[in-house]
Structure formats: C-alpha cells, structure tokens
Amino acid sequence: MSTSADAAGNAEGSGSGSGSEGSGADPGSGADPGAAPGTAGAERDRLTVPQGLAALSLDALASVAYGPEAIVVVLAAAGSHGLGYTLPVTVAIVVLLAALTFSYRQVIAVFPNGGGAYAVAGRHLGRRVSLVAAASLIIDYVLNVAVSVSAGVAALTSAFPSLYGDRVVLCVVVLALITGVNLYGVAESAKVMIVPTVVFVVAIVAVVTAGLLRANPVVEPTHPAATATGTVGLLLLLRAFASGCSALTGVEAIANAVPTFRTPRVKRAQRTEVALGALLGVMLLGLSLLIGKFHVAPSTSKTVLAQLTEASFGHTAGFFVVQFATMLLLALAANTSFGGMPVLTSLLARDNNVPHVFALRADRQVYRHGVFVLAGAALVLLVGAQGDTQALVPFFAIGVFIGFTISQVGMVRHWRAERGPGWPGRAALNALGALLTAIALVIELIAKFTEGAWLVFLAVTGLVVLFETINRTYRRIGAGLHLGETPAPPQERRSLVIVPVGAVNLLTREAISAALSLGDEVRAVTVVHPDDAEAPSTERIQEAWNAWHPNVPLTVLTSRTRSLTRPIIDHLHAVEAEEAHDRLVVLIPEMQLPRLWQRLLQNQRGPVLDRAIRHYTDAVICRLRFRIDVPRRP
C-alpha cells in the first residue's frame, strides 16, 4: 500500500521515472538496475564518456583558472615563505579530490538513478537532511551558472575594454545561448562542448609541460613583495586550503546526472568521474609546481594562469590560445549545472518535493522545466549583480560543500550498514572525505560569513521550507482523493450541462453536440447587454436560435452593467437550487486556431468564465477546444 503522497504523484501521471532511489546494486559491479530500457533514438540523445566530460565536467575543469590563484592570493600575505606552501596545500586538495572522486564513484554504483548527495542522504540520513542537501546543491548550481557566465564575459571585456559597459547584455546573451543549446538536448550540448574542452585541457597540459622544461621563464611573472613577511600559521594554511577548494565545485555533477548517460549508465558515469578526477588533479598539481618554480604572486592586472602561460610560452600565439580557451570554457562551465540540476529536480519531483512538472521530459530527453528555472534564477543573479563576478563569489562553493559533507557522512553509514567485502576501507575513505569537507565548509563560512555567506543559509532554509510545503500539499491531495483505498463502485448520476454561447455558429454547434453526449439534459445560456445599441438584441438572438432549432432550450440573460460573469453565476446558483440533478456541468467552448498570432486575437472569454465559475460555484467545468480551420482568403 503506497502512501497518499506517492499515490498522488502516480495519480497525476507525472511520469517521474521508474524505479526507486538506490536500488541496491552491488557497488562497482557496473549493473544498471535503475535504467529503463529505451529506444535507440533515446539512447542517441544520452551521453558517452567524452560527452559526459564535456557536458558535466566543465565547471570542475575550468576551475583551474581560479582555484590555484585563490590559494596564491591567501598565501601571498606571508610573502615568498608563504607561497612556498602552495604545493603542499594543493596536494591536500588533490587528496580531498581523490577521496571525493572514489566516493562519488561508489555513489554512482549505489544510486544509479542519480541524485548524488540528495539520494545518499534520503536513504541513510533522513528525509530532512536530504532536502538540505538538495537545496544546497540547487543554490550552488544556480551560482555556478551566474559565476561562470560573468567570469567568461569578464575575460572577454578584459581583452576588449570597450565592451565593459555592455557586460550585462553580454551575460544575458551568453546565458540565452547556453540555455538554448541545452533545450535542444543534453547530448547535442555535449557535442558542442567537446572541442573547447579538449583545447583547454591540451593547452593547460602544454603550459605545464613547457614550463617544467624551461630553466627560466620567458616572461618574468609578478614576484612576492619584499614587504610581505607575515607568518605562516595553521589558520593561514587552512584559509588557503578552503579557498583552493573552490576548484572542486562540479565534482558531484556526474553522480547527480547518471540517468543522462547511455547504457551501461553506471559504468560510463564511473569512468567519467574517474577521468574528471585524474585530469583535474594533474592540472592542479602541474600549475602548483609552476607557481613554486617561477615564484608567481598575484597581480591586479593579470591572472596567475596568464602569468604562468607567459612564463612558459611568452607573449606568443600560444598565450592567446590559452587565454581564449580559458575565456570560452569559463563561459561554458555553466553547462555543468544544466546537466545536473534538471535531473536533481526531477528526482525531487518524483518524491513530491517540487511540482511534478519538473519530472516530465521533453523531446531529446530534456527536463525542460528544470532548465528554464535554472536559467531564470541565474538571470536574476546576473542582472542583480550587474554582471560583476566578485559580487557573486562570496556565495560560491558553500552550498556544494554542504552537499559534499552530507554525501560523505551518508556513505559512511551506508558501508557500516552493508558491511560487505572491504567495507572498513571504503568507510574510512568516506570518513576522511567527510572530515576534510566539513573543515573546508567551516572555514569557508567563517571567512565569508560577513561577505554574505549567511544568505546561503537563509536560501537553503527557504528552499527546505518550500519543499516541505509542497510535499505536505501533495499528501493532502492524496488524502482528499482517498488514494490507497479501494473506492466504492461507480454510480450513474443525472447530469445537467449548461453551455454558455455567444451566437449561432459552428463553434456553438460543436459545443451543443459535445454537451448532448455528456449529460442527460442540456441547456444553453447567453448574455445580452440592452444598453449596447450595437450588440444583438434578445429578439434577434432568440429568432436565430429558433431558426436553427437544435432541440436545446436557450436562456437569455440581461446585464445592464455589461458584466459577462455575474449573470451567468447568478443563473448557475438558481439552477443549483432546483435540486433536480445530481451534477451540474458547465461546458465552455473555445476555438483552437492554427497559428499563435491568431490566438492572440481571441477575446479570452473562456478563461474569464472559468475563473469566475470555479470561484463562486461548485459546478464541474469542462473546457473544450475545437479546432477551427481558417481559410487563407475569406
């Protein structure tokens, strides 16, 4: 027997996916129990491993453009001595990256229907904690889109300063392009992203390789100021570690979007996760080695990555290729959110925590409503921040570390409950990840709280309250429908159908014909305005009706106030008082015109009547749209 909320979801026909979260697949087995068999066409609209890297990993890969710099900015306060700790801090971050990578590899196997931290928490930490995880991830997805788009546009305006005044318009254009590509299909968007991704990764590897092979930099980078002589304490190192962890945002996106991969989904998603971890780790360590070798310090005019590129290549074509690839990938990194958040909201819809419409897929396997909401929320942030990346950065990465920590703790509980072969090692790995991410989260909150991090907590709380409200509403709907109970046998009821009409025409004929098929008795009703000299009179309407002779009585109502709804509502109240019928049905006929611009010419009489009748009567409303062929020439 299902709960009323679950049944409400099924009764509505939301199509929210088959199977339950975490079907208990053996971790690492590569089984795909949650994947429903699909057609060849549907599989073509899903992701391969290279496409998965392009569609779901751009956020993490592009973070090498600002992750190492975030470490350098903090350590530079202690001068050359502080910058000497860049590599050890990066190694700690890569250790955390490895823990997260292998942890999410197991999450993919255990939860093949996607969901990441939301799915893990839902099974092992309780429903409320899972909603906190989902809310934090949604906030991070939205912020990632806004930060990535604004950062990409900032790189463009740095190269072409004359465009700075149009940065908000450029942000909106870039966001619209990315949204459009994702509405076309996740596989199609991935194909678009593959070439920029490959160019960026090859460019970064080339920068690292060339730099390590050079004895001296081609162009001298900015060096630490001699006056920077602060001490290197534990707090400074922890701040540098927390800041550098911004490079880890996006690592969870693949686990959230397992259903978007081709069969076998689990194996493809796991390979993509490992490939992401390996590429990101190599690039972070390589850039960190170059920072130490060339003694690079932050500059107000050039990014650390740009300085490293100049040191390796000089001011050549290679430098501009790297800069352009970085700019493009930062703008496209928003695609990670478009790949992950719609899948997450579809799972929330399946569990009755958001409207069921978020679980519906359009053509090409697109969760269109999730894409629209993500784009709309990011648009609000971009316009509100006037395209300024720094205005958004204080909120960034906090949400994802909440999800990281919840996921790690949940997986520890999973291994303790399962106690399968090798569970102590797996649990220890997740416990280490939980400890490191929790430390990073606390440091992030302390360092950024006064800059606006408290707003993230407020937003998470608001989303959780919204999820709970929606879930409670679905439970009430299920209780009202008595779902889960066997209903009494159906009974035949005597129905009276009232049809509001405006004139005698083809639409009226179709409406009366449909009404005669629905009810035991049919009556037509129309409203006239005696003070309007140009409107048809009662006599003319009655004569036209009698000439047509449909064997259905017509009641003519008068309205001196020119109101359409009030006379009909009063008439329905009078009919309801007759108590001669078990059910009163109002059939509202409407035209279905072939073209959108033609529909804009309609008088919207149907929606006006619908709202008034719903508000003031208990009548059953039936709105029927009849297709009308409009000739090209009258």
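**Pocket, patch and salt bridges**

Reader: Which element gives the largest share of the lining of the second largest pocket?

Author: Happy to help, and please keep in mind that this is a predicted model. The largest share of that lining amounts to four residues. The element that supplies them is strand S4, which spans residues 583-592.

Reader: What is the volume of the second largest pocket, and which residues are closest to its centre?

Author: Good place to look next! The second largest pocket has a volume of about 480 Å³. It is lined by 23 residues, and those closest to the centre are Leu507, Glu590, Met591, Gln602 and Asn603.

Reader: How many residues of each class are in the lining of the second largest pocket?

Author: Besides strand S4, the elements giving two or more residues to this lining include helix H23 (506-518) and strand S5 (620-627). Sorted by class, the lining has nine nonpolar, nine polar and five charged residues.

Reader: Which helix gives the most to the nonpolar patch?

Author: Let's move to the surface. A patch of about 440 Å² is made there by Leu87, Val91, Val95, Leu212, Leu289 and Leu432. With three residues in the patch, the top contributor is helix H7 (residues 86-110).

Reader: Why can Val91 be part of a surface patch?

Author: Patch residues need over 30% relative accessible area. Val91, which lies in helix H7, is partly exposed and therefore passes that cut-off, with a relative accessible area of 38%.

Reader: How many salt bridges does a search of the whole structure find?

Author: Side chains of opposite charge can pair when their charged atoms come close. Glu510 and Arg509 form one such salt bridge, with their closest N and O atoms 3.2 Å apart. Searching the whole structure gives a total of 11.

Reader: Is Arg523 buried or exposed?

Author: Arg523 meets Glu521 in a salt bridge (3.0 Å, N to O), and both belong to a network of salt bridges with Arg494 and Glu578. Glu521 is partly exposed at 23% relative accessibility. Arg523 has 17%, and since the cut-off is under 20%, Arg523 counts as buried.

Reader: What separates Arg566 and Asp570 along helix H25?

Author: These two form a salt bridge, their closest N and O atoms being 3.3 Å apart. Arg566 is partly exposed, with a relative accessible area of 38%, and Asp570 is partly exposed at 39%. Because they sit four residues apart in helix H25 (residues 565-576), the separation is about one helical turn.

Technical notes. Residues numbered from 1 in each chain as written. Predicted model: local features only at pLDDT ≥ 70, side-chain atom pairs only at ≥ 80, totals over all residues. Heavy atoms only, no water. Patch = residues over 30% accessible without salt bridge, like charges linked within 9 Å, V, L, I, M, F, W, Y side chains within 5 Å. Areas by Shrake-Rupley, 256 points an atom, 1.4 Å probe, with all protein chains shown as cover. Salt bridge = Lys/Arg side-chain N within 4 Å of Asp/Glu carboxyl O. Buried < 20%, exposed > 50% of the residue type's maximum accessible area, 1.4 Å probe, protein only. 1 Å grid on protein atoms, 1.4 Å probe; cavity = no way out; pocket = protein on both sides within 12 Å on 5 of 7 lines; lining within 4 Å. Points joined across faces, edges and corners; volume = space filled by probe spheres on them. Nonpolar A, V, L, I, M, F, W, Y, C, P; charged D, E, K, R; others polar.
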